[in-house]
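Colleague: I would like a close look at a single part of this protein. Please keep it plain enough for a first-year student.

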Amino acid sequence: DDYMMKITHVIRGEEWLPSVPLHVMLYRAFGWEDVMPRFAHLPLILKPSGKGKLSKRDGDKDGFPVFPLEWDMGNGELATGYRESGYFPEAVINLLALLGWNPGTEQEVFSVDELSEIFSIERVNKSGARFDPEKARWFNHQYLMLKDDESLAQLFGQDLSQRGVASSPALNCKVVALVKERVNFVSEMWQQASFFYQAPESYDEKVAQKRWKDGIPVFMALLADNLVEHGNWHAEAIKAFVSARIEAEGVNFGAVLNSFRLALVGGSFGPDLFVIAELLGKEETIARIRKAVERL
């Protein structure tokens, strides 16, 4: 097959070294010595521990993919693939290029064109390369951050559709811009941004016990009523209005903001509180505050 396809270079794992003499003799026996490919052998990819060759079982045990695509083993076993796990192709290429090779510089993120330009077999290490699942996720994050918000919004929209969640491209674009720095995969955006699409059905008990007490419930109920009359629904204007109400009532600023966030998202996470309120809209923000007052 190599002869028929006019293969010029055979680059494979070092476990094939003992076969090289046999292959060379075969080429000579067939009279193909003049077109025999050049043989090169690469160090093995090792387990995350650095001891032994990386295997499917290592991925199954530690929860990371080993195969490029989801692989049916034929015995009821299904091996997870990089594609199905949400890795970008260019991130996997970059990851693999730096397993056992280095450019001689501190640069780690390369386009395919850059790799094609600078890669040389002479800089391939002779010792095995330890596979690092965390580094694989890091590479995916780098390529996620390199994508424009419109592209990410389209991918996130597909993820939302699979979850049965209605969305709009305009909202998705604003949401991914807020949460992309916090995730390694598009699929992780839902965990960081679900409250933009669904009101919380439960509230973090620890946050509620710490913040939702003393005069806060009464203040939040009044704030919801006050916000009905507030017209400028932009983050800075909402912040200024809420800050003025806090000062006027003499309540604890931190307690109010944490309670406000608890009402909107169900916990103490998420991007800027007033940006969240702006994106949710006036009616939804007021409804969530009143819901929290009623339930908490």
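Modeller: Here is a walk along one helix, α6, and what lies around it.

This is a predicted model, in which local features need pLDDT of at least 70, side-chain atom pairs count only at pLDDT 80 or more, and totals for chains, interfaces and linings use all residues. Residues are numbered from 1 along each chain as its sequence is written, and side-chain values use heavy atoms, with hydrogens and water left out.

The protein chain has 14 helices and 6 strands. Helices (H or I, at least four residues) and strands (E, at least two) are DSSP runs, numbered from the N terminus.

Take the length of α6. Helix α6 covers residues 149-162, which is 14 residues. The expected span of a helix is 1.5 Å times one less than its number of residues. For α6 that gives 20 Å, and the end C-alpha atoms are 20 Å apart, so the two agree.

Now the sides. Buried means under 20% relative accessible area, exposed over 50%, and partly exposed in between (1.4 Å probe, protein chains only). Leu 152, Ala 153, Phe 156, Gly 157, Asp 159 and Leu 160 of α6 are buried. They lie on the same side of α6, because they cover an arc of only 160° around the axis. The arc is that of the directions from the helix axis to the C-beta atoms. An α-helix has 3.6 residues a turn, so residues three or four places apart point the same way. On the face of α6 turned away from the buried side sit the exposed residues Glu 150, Gln 154, Ser 161 and Gln 162.

What does the buried side meet? Its residues pack against α5 (133-146), α7 (169-179) and α8 (189-193). Contact here means heavy atoms within 4.5 Å.

Next, the ends. Asp 148 caps the N-terminal end of α6. One of its side-chain oxygens lies 3.1 Å from the backbone nitrogen of Glu 150. Such a polar contact is a pair of N or O atoms within 3.5 Å; within protein, one must be able to donate a hydrogen and the other to accept it, and residues adjacent in sequence count only if both atoms are side-chain atoms. Just after α6, Gly 164 takes a positive phi of about 75°.

One neighbour deserves a look. Lys 180 sits in the loop between α7 and α8. Lys 180 is buried, with a relative accessible area of 14%. Not counting residues up to four places away in sequence, Lys 180 touches several residues, among them Asp 149 and Leu 152.
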